[in-house]
Amino acid sequence: MIIVMSPTATQNEIEQVIARVTGAGLKVHLSEGKLRTIIGLIGEKKLMAQIPLEAMAGVEKAISVTAGYKLVSREFKNEDTVLDIGGVLVGGSHLTVMAGPCAVESREQLLESARIVKEAGAQFLRGGAYKPRTSPYSFQGLEEKGLEMLAEARTVTGLKIVTEVVDIQSVPVVSAYADVLQIGARNMQNFQLLKAVGKSGMPVLLKRGIAATINEWLHAAEYVMSEGNYNVMFCERGIRTFEDYTRNTLDLSAVAALKNLSHLPVIVDPSHGTGLWKLVRPMARAAVAGGADGLMIEVHPNPAEALSDGNQSLTPKNFQEMMREVGAVAAAVGRRMA
């Protein structure tokens, strides 16, 4: 259930409502908007029914949230959430670009990648230090050594760092180096990991599972937010269908659906979504036109020599051209680069 406070509600009235419901054994999640305060309640319905919420001073109305996901929903918060990640804004009218290699391969490769994406206008450097791979014989990443390189690249360029965390044990070490913790597609329903990143308080980029429904994806975000961490963004990276020309099927309809159902920012990854570099630029343009709050793009100084995902990585030149193209589309739909 959510309690919508009146625009004229005083701080004392808000505190009285919170004290009343927490005293009854309910858990509270507070959302303070520009015009009004929303109090989200989690707990037994019978406990909520015993409190005359709408009779309390400052309360405009109490609404039962029917969806299984509460904090993620538009019912809980109608305004779009804008995340502030070290001064870089994600959501709202801002278009954010996260770019870099699939994997951190070497110091030279990473610093060159960081320079390339920074000069082209990206705000985040993406790169995997831990690489969950389908085959145990594939390159698995440089782990903490790779994290150290990412931190150095941030110092040199000022770019924020987004990198994947693959298990509960690695959450503290990745949090020490990164600005955003990425939950990969394979871990979207690793509920213990979702709880762990929720407790970390770090911004979280939640990628869609390869066969996940939008409803399941929303509930995965709810796991993170239920731990008190509201710094969450979705990332559409394609789903598995019967189509075998592309690596995955990039579901851009999910962007519009999420915007309707949730207040959280939505990022699109056309690199994993297609698996083919020639398709990345047109799908990036389509994603921005369709309402995406940002893009995640794989860029490598020399894709032919990449240790992973070279086929879907853009060259520096192609990335620069893509940035010009999406900039024009962004301007046309009322967006600006973050």
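Visitor: What makes the side chains of Arg281 and Glu325 a polar contact?

Guide: This is a predicted model, and in it the two side chains come to 2.5 Å. A polar contact needs a pair of N or O atoms within 3.5 Å. The 2.5 Å between Arg281 and Glu325 falls within that limit, so the name applies. Arg281 itself belongs to helix α10.

Visitor: Which residues is Arg281 in contact with, leaving aside its neighbours within four places in sequence?

Guide: They are Leu314, Asn318, Glu321, Met322 and Glu325. Glu325 thus turns up both here and as the polar partner of Arg281.

Visitor: Lys278 is found in helix α10 too. Why is Lys278 called exposed?

Guide: Its relative accessible area is 60%. Exposed means over 50%, so Lys278 earns the word.

Visitor: How far is Lys278 from Leu47 in space?

Guide: Their C-alpha atoms are 56 Å apart, and their positions lie 231 residues apart in sequence. The domain assignment gives domain 1 as 2–63 and domain 2 as 83–337. The centres of these two domains, taken over C-alpha atoms, are separated by 36 Å.

Visitor: Let's turn to the aromatic rings. How many aromatic pairs does the structure hold?

Guide: There are two. One of them is formed by Phe191 and Tyr223, with ring centres 4.4 Å apart and planes at 20°.

Visitor: Why is the pair of Phe191 and Tyr223 called stacked?

Guide: Set both values against the rule. The centres must lie within 6.5 Å, and planes under 30 degrees apart count as stacked. At 4.4 Å the rings pair, and at 20° they are stacked, so both conditions are met.

Visitor: What makes this a link between distant parts of the chain?

Guide: Phe191 is in helix α6 (residues 191–200) and Tyr223 is in helix α7 (residues 214–225), 32 residues apart.

Visitor: Are Phe191 and Tyr223 buried or exposed, or what else would you call them?

Guide: Neither word fits. Phe191 has 31% relative accessibility, while Tyr223 has a relative accessible area of 29%. Buried means under 20% and exposed over 50%, so both residues are partly exposed.

Visitor: And why is the pair of Trp217 and Phe234 called edge-to-face?

Guide: Their ring centres are 5.1 Å apart and the planes stand at 75°. Planes over 60 degrees apart count as edge-to-face, so 75° gives this pair its name. Trp217 lies in helix α7 and Phe234 in strand β12 (residues 232–236), so the pair ties together parts 17 residues apart in sequence. Both Trp217 and Phe234 are buried.

Visitor: Now to helices α3 and α4. How do you know that α3 meets α4?

Guide: By the contacts between their residues. Arg107, Leu110, Leu111, Ala114, Arg115 and Lys118 in α3 meet Met149, Leu150, Glu152, Ala153, Val156 and Thr157 in α4. Contact means heavy atoms within 4.5 Å. The axes of the two helices come within 10 Å and cross at roughly 40°, and the crossing is right-handed.

Visitor: Why does Thr157 count as buried?

Guide: Thr157 has 15% relative accessibility. Buried means under 20%, so Thr157 qualifies. Thr157 lies in helix α4 (residues 144–157). Leaving aside its neighbours within four places in sequence, Thr157 is in contact with Ala114, Arg115 and Lys118. A polar atom of the Thr157 side chain also lies 3.2 Å from the backbone nitrogen of Leu159.

Visitor: What is the phi value of Glu143, a residue other than glycine?

Guide: Phi is near 55° there, which is positive. Glu143 is found in the loop between β8 (124–126) and α4. At 43% relative accessibility, Glu143 counts as partly exposed. Asp309 also has a positive phi, near 60°, and sits in the loop between β14 (294–298) and α11 (316–332).

Visitor: One last stop. Why does Leu89 count as partly exposed?

Guide: Its relative accessibility is 27%. Partly exposed runs between the 20% limit for buried and the 50% limit for exposed, so 27% puts Leu89 in that class. Leu89 is in strand β6 (residues 88–90). Leaving aside neighbours within four places in sequence, its contacts include Val82, His94, Thr96 and Ala338. Glu105 is 16 residues from Leu89 along the chain, and their C-alpha atoms are separated by 29 Å.

Key
Residues numbered from 1 in each chain as written. Predicted model: local features only at pLDDT ≥ 70, side-chain atom pairs only at ≥ 80, totals over all residues. Heavy atoms only, no water. Phe/Tyr/Trp six-rings, centres within 6.5 Å; stacked < 30°, edge-to-face > 60°. Helix = DSSP H or I, 4+ residues; strand = E, 2+ residues; numbered from the N terminus. Buried < 20%, exposed > 50% of the residue type's maximum accessible area, 1.4 Å probe, protein only. Domains from an automatic or database assignment. Polar contact = N/O pair within 3.5 Å; in protein donor to acceptor, adjacent residues only side chain to side chain. Axes fitted to C-alpha atoms, helices over the stretch in contact; angles between N-to-C directions. Left-handed = near helix turned anticlockwise from the far one by under 90°.
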